[in-house]
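Okay, thanks for making time, everyone. Let me put the model up on the screen and we'll walk through a few parts of it together.

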Amino acid sequence: MIRTIFNTTLAKKSLLSAALSLALVTTTNAEQFTFEQDKSTKSATTLVVFQAKEQPSSDLKHLINASEQQISNVLKVAKFTGEKDQLVEVIAPHGIDAERVIIIGLGDMKNLHAGAVNNIGASVAAKLAKMDAENISILTQGVSDDTSNASFAAHLAHGINLRSYQFDKYLSKKKPAEKHYHLSVIDEQKAQITYQGLSAIEAGVFLARDLTSETPTEMTPVDFANAAKSLTKLGVKVTVLEPKEIEALGMGALHAVGRGSLEGSRLVVAHWQGSDETPIALVGKGITFDSGGYNIKAGSSISRMKSDMAGAAAVLGTVKAMALQKAKVNVVAVMPMAANMVSETSFAPGDVLTTAEGLSVEVLNTDAEGRLILADGMWYARDKYKVNTMIDVATLTGSKVRALGDRYSAIFTDDEQLLTQLTVSGKTVEEQVWRLPLAYKDMLKTPIADLKNIGTSGPGASTAAVFLQHFAGDTTWAHLDIAGNALAAKDKDVMPAGGTGYGVRLLSNWLLTTQVK
């Protein structure tokens, strides 16, 4: 029997190199996974097995026989048919050397794409989080997703780890000890290779979650810049522009939004040059706290405004995911950062700001600040990196939440190919996007400046998007409004409560499937 264990000695030298790269940025949230052909379960306290709709797997049939039909009788009483989301637990099973057996329904096998399998893994993690089981055997040899058995096992582990994450920095009771998962697979090496790439994406998601969940006073623009600098050990080139440099470059919008805070604004750039292709730009909104400025926010929503930098966190996490697996893609994350605060030096309603694009903007509402900093960030990406493709990611508007809620992010683009690519990637990883119209440009007209920062009327998500379109130039561009997606009030699927890291999996899948040459 050959055993391949994550982050230990691997069968191939290339895998060892990848594991060493991943070890550079480990996470305390990681569980341990072993992929092996051996079906031995003697050391396991818990067994997990699957059944598709009306199709018992060979693994389940074996356990039914070993338990002298006890498991079969329990399934009959529970009316278990293998439907999606069905779960049955058998305690102290006869003839099986384990404390419990958990049987999970897969539903229709034709629907087992990557994101669906991730969510099944999340259900496993959620169930086991309530138990003290530390050694778990998962029997997967009789199950395949829409690609292979190895893919099913790797994506199952991916979902388990994503859900097992917890931001426990401020909790007196920390996350329980890591669990050890042993997954029986047909091709252990292929499963390990697949999971190696997914584990890099996990690390990017965890970085984004950590940054988003951190408190406002501990995650200022300077703190975010320092977090970005930690990626230099992975080969990422990180540049940080300070207020005087930002002002000298003519980025009047970014400079103004940060003017009310003690530290001022920063522009953080993280560049992973994994190929010689023209860079792809990911521009992330980085408002580390949004008071609303002089148009101060009212009500309880202000306490959630630490997450207004989730767009920047997502694009930085994506760069980390690419660097960890040494992806052959040239991607640059541009992150304009500011804290939108109230002080005697804050920008004010009625001010006219001049962007680096050369366009002047009348500020009618200081709480519409995200589009202002993105305007200068988008210009910087185009001017300094000569990009042809650019995607900005932002928790931009409450209008988006009212339109789509938190199960979809909003996408705005006039490029049909980019729309299709991002829509497919979103469906694949269950971070789905829904197109809203790029329209109502006339609502941004004002007699005192080239445009104003909010529309006179019309849907707010669309007027915000069309504002940004002024700064996209001739690039192939899309805007992702992830308001409502970035911070979860309760656990759901692969996302535990808190910062979700939304966008890292979507963008990583898009880069790896459409942009890697």
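I'll go through a helix, a small sheet, two loop residues and some aromatic rings. Keep in mind that this is a predicted model.

Let's start with helix α4, residues 114-128. How many of its 15 residues are buried? Twelve, so α4 is largely enclosed by the rest of the structure. The buried ones include Ala114, Gly115 and Ala116 at the beginning of the list, and also Asn118, Asn119, Val124 and Leu128. On length, 15 residues at 1.5 Å a residue should span 21 Å, and the end C-alpha atoms are 21 Å apart, so that agrees.

Next, the sheet. Three strands make an open sheet here, in the order β14-β15-β19, with mixed pairing. Which strands sit at the edges? Those are β14, 352-354, and β19, 451-452, each pairing on one side only. If you look at β14 and β15, they run antiparallel and are joined by three bridges, with β15 covering residues 360-362. Within that pairing, valine 352 stands opposite glutamate 362 of β15.

Now for a couple of backbone oddities. Glutamate 430 isn't a glycine, yet its phi is positive, about 65 degrees. You'll find glutamate 430 in the loop between α13 (416-429) and β18 (433-435). Is glutamate 430 buried or exposed? Neither, really: its relative accessibility is 31%, so it counts as partly exposed. Tyrosine 440 is another non-glycine with a positive phi, near 70 degrees, and that one is in the loop between β18 and β19. Tyrosine 440 is partly exposed too, with a relative accessible area of 35%.

Last stop, the rings. The count comes to ten aromatic pairs. One of them is tyrosine 380 with tyrosine 385, a tilted pair at 6.5 Å centre to centre with 55 degrees between the planes. Both partners fall under the 20% cut-off for buried: tyrosine 380 is at 8% and tyrosine 385 is at 17%. Then there's phenylalanine 467 with phenylalanine 471, whose centres are 5.5 Å apart and whose planes are at 45 degrees, so that pair is tilted as well. Phenylalanine 467 is buried at 0% relative accessibility, and phenylalanine 471 is also buried at 0%.

Elsewhere, ring pairs tie Phe33, Phe35, Tyr181 and Tyr195 into a cluster. And one for the charge fans: arginine 209 has its charged end over the ring of tyrosine 165, 5.1 Å from the ring centre.

That's my tour, so over to you.

Conventions:
Residues are numbered from 1 along each chain as its sequence is written. This is a predicted model: local features need pLDDT of at least 70, side-chain atom pairs count only at pLDDT 80 or more; totals for chains, interfaces and linings use all residues. Side-chain values use heavy atoms; hydrogens and water are left out. Two strands pair if DSSP finds at least two bridges between them. Helices (H or I, at least four residues) and strands (E, at least two) are DSSP runs, numbered from the N terminus. Buried means under 20% relative accessible area, exposed over 50%, partly exposed in between (1.4 Å probe, protein chains only). The expected span of a helix is 1.5 Å times one less than its number of residues. Rings of Phe, Tyr and Trp (its six-membered ring) pair if their centres lie within 6.5 Å; planes under 30 degrees apart count as stacked, over 60 as edge-to-face and the rest as tilted. A charge sits over a ring if NZ of Lys or CZ of Arg is within 6 Å of the ring centre and within 35 degrees of the ring normal.
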